[in-house]
Each structure stands twice: as C-alpha cells, then as structure tokens.
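Please keep the chain in view as you read, and turn it whenever a residue is named. The explanation begins inside the fold and works outward to the loops.

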Amino acid sequence: MLILKFLVRLPLGLLCAASVCAAELPDTPTAQQILEALTPKPAVVAPAPAPAPAKARKTRNLSVEAAPTDSADTAAPAAPTPPPPAAVPPAINLAIQFERNSDRVQPASVKLLSSLADALQAPALLHARFLVEGHTDGSGQAAYNLRLSAQRAAQVKRILMRNLVDPSRIVTEGKGSTELLNPADPAAPENRRVRIVMLGQ
C-alpha cells in the first residue's frame with residue numbers, strides 16, 4: 001500500500017526548476033481550496049515606461065530645450081516593448097493513492113476525487129477543460145511507469161465522469177517518471193502524483 005503525502009514543502013524554485021509548478025494546498029484540500037487554486041488569476045500588466053526627457057542644447061551662457069516634433073526624421077526611435085511573459089496555466093498536484101502496481105484508487109482518496117469533481121463543476125470552472133497527468137516515481141522500468149501512469153490518469157477521469165464531470169472536458173496523459181517533482185530523490189513518494197492543469201475556457 002502506498003502512503004503518499006499531498007505535497008512536500010519544497011522551495012518554490014525547486015518546483016519550478018522541475019517544470020511542474022503547481023499550487024500548494026493543505027494535506028486535505030476542500031473543493032473550495034481546489035477551486036481557488038485552479039481559477040486563473042488576472043494578469044499583472046507592467047506600467048508603460050515614462051517618455052525620455054527632451055534633449056537640451058547648450059551654448060556658453062544659454063540652454064535651449066529642444067521643442068517636441070512630429071517629424072519621423074528627427075524623433076528618437078522608441079524603445080521596443082518587451083513581449084508579455086507567457087501565462088502559466090493554473091495547476092495542482094494531488095497525491096491520489098492507488099493500489100500497488102495498479103490503477104485501482106484506494107478508499108482514502110475517494111473523498112479527494114469527489115472534492116476535485118465538485119471544484120470542476122463550480123460555475124467559475126464549468127466551461128474549462130483540464131489535463132489529468134499521471135506521474136510515477138523513478139523506480140522501475142521507464143516503459144512500465146509510463147503505461148501505469150497513463151492508466152491511473154484514465155482511472156481518475158472515469159471517477160470524475162461518475163461524479164458527473166463532462167468527459168469532453170478532461171484529457172489524460174501518462175508522464176511516467178519523466179517529470180519528477182523531487183529529482184534529487186527519484187523514489188520519493190511526492191513523485192507519485194496526479195497533476196491537474198487547466199487547458200483553457
């Protein structure tokens with residue numbers, strides 16, 4: 001029987017370095033906490049840079065400020081505007097407990113999946129699509145882990161469907177051990193997880 005923690009308290013930099021950034025939730029999250037973690041936050045827009053001051057010409061005892069002009073020939077070229085940073089989709093890691101070497105969900109995780117289904121049915125997320133990723137730890141053969149993780153992600157989708165989540169809103173994918181949450185310890189239990197990622201409204 002696998003005893004999995006919901007999320008290990010790792011530094012945010014370590015999580016992001018593994019390209020699996022996700023919201024950190026309590027050990028037993030409620031549907032409301034899952035909903036808040038998966039709800040997109042408004043983008044922060046950086047203020048526009050202030051215009052450069054007009055250049056002044058100086059003589060021995062006189063300073064003459066350059067007058068503004070509309071001429072394209074005399075205007076200084078505008079600094080290029082950097083592209084906005086790519087939006088990171090909301091995502092959460094859930095430590096769904098499965099039977100060993102199986103896609104059968106243990107009874108301890110039934111309530112967690114019910115809370116997930118409730119969150120996905122909330123008005124704020126009702127029209128959103130989600131990716132359910134299955135992840136294993138780094139022990140065992142890579143091909144076997146990939147197949148098992150895909151089966152577990154598909155099983156999570158089936159349980160969500162039984163909880164009235166529209167199956168067209170859920171895409172599944174097995175990642176195996178290719179994106180370890182804790183690469184320093186491939187066998188660590190936090191690597192065995194299901195990740196939920198919003199794909200868009």
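In this predicted model, Leu116 touches Ile34, Leu38, Leu94, Leu160 and Ile196, when residues up to four places away in sequence are not counted. Leu116 also belongs to the largest nonpolar core, a set of 30 residues in which Leu38, Leu116, Leu120, Phe130 and Ile196 touch the most other members. The elements that give two or more residues to this core are helix 2 (31-38), strand 3, helix 3, strand 4, helix 4 and strand 6, and the one that gives the most is helix 3, with six residues.

It helps to place these elements in the chain as a whole, which has four helices and six strands. Read from the N terminus on, the elements follow the order α-α-β-β-β-α-β-α-β-β. Of the 201 residues in the chain, 37% are buried. Among contacts with a separation of 6 or more, 73% are made by residues 24 or more positions apart. The accessible surface of the chain comes to about 12400 Å², and carbon and sulfur atoms account for 60% of that surface.

Strand 4 is a useful place to look next. Strand 4 covers residues 129-135, and six of its seven residues are buried. Which strands does strand 4 pair with, and in which direction do they run? Strand 4 is joined to strand 6 by seven bridges, and these two strands run antiparallel, whereas six bridges join strand 4 to strand 5, and this pair runs parallel. His135 lets you see both pairings from one residue, since His135 stands opposite Arg193 in strand 6 and has Gly176 as its bridge partner in strand 5. To get from strand 4 to strand 5, the chain passes through helix 4 (residues 142-162), and this β-α-β crossover is right-handed.

Just after strand 5 (170-176) comes Ser177, which is found in the loop between that strand and strand 6 (193-200). Ser177 is partly exposed because its relative accessible area is 21%, and a residue counts as buried only under 20%. Leaving out residues up to four places away in sequence, Ser177 touches Thr136, Asp137, Gly138 and Asn145. For one of these, Gly138, the C-alpha atom is separated from that of Ser177 by 5.2 Å, although the two residues are 39 residues apart along the chain.

Another loop to follow is the one between strand 3 (91-94) and helix 3 (110-120), where Ser102 lies. The side chain of Ser102 reaches the backbone nitrogen of Arg104 at 2.9 Å, and Ser102 also touches Leu148 and Arg152, not counting residues up to four places away in sequence. Asn101 lies in the loop between strand 3 and helix 3 as well, and its relative accessible area of 49% makes Asn101 partly exposed.

The backbone angles of two residues deserve a careful look. Most residues other than glycine have a negative phi. Asn101, however, has a positive phi of about 55 degrees although it is not a glycine. Leu164, also a residue other than glycine, has a positive phi near 75 degrees. Leu164 lies in the loop between helix 4 and strand 5. Is Leu164 buried or exposed? Leu164 is exposed because its relative accessible area is 67%, and the exposed class begins over 50%.

Terms used. Residues are numbered from 1 along each chain as its sequence is written. This is a predicted model: local features need pLDDT of at least 70, side-chain atom pairs count only at pLDDT 80 or more; totals for chains, interfaces and linings use all residues. Side-chain values use heavy atoms; hydrogens and water are left out. Buried means under 20% relative accessible area, exposed over 50%, partly exposed in between (1.4 Å probe, protein chains only). Contact means heavy atoms within 4.5 Å. A polar contact is a pair of N or O atoms within 3.5 Å; within protein, one must be able to donate a hydrogen and the other to accept it, and residues adjacent in sequence count only if both atoms are side-chain atoms. Two strands pair if DSSP finds at least two bridges between them. A crossover is right-handed if, with the strands pointing away from the viewer, the path from the first strand over the helix to the second runs clockwise. Accessible areas come from the Shrake-Rupley method with a 1.4 Å probe; for residues, only the protein chains shown count as cover. A nonpolar core is a set of buried Ala, Val, Leu, Ile, Met, Phe, Trp, Tyr and Cys residues joined through side-chain atoms within 4.5 Å.
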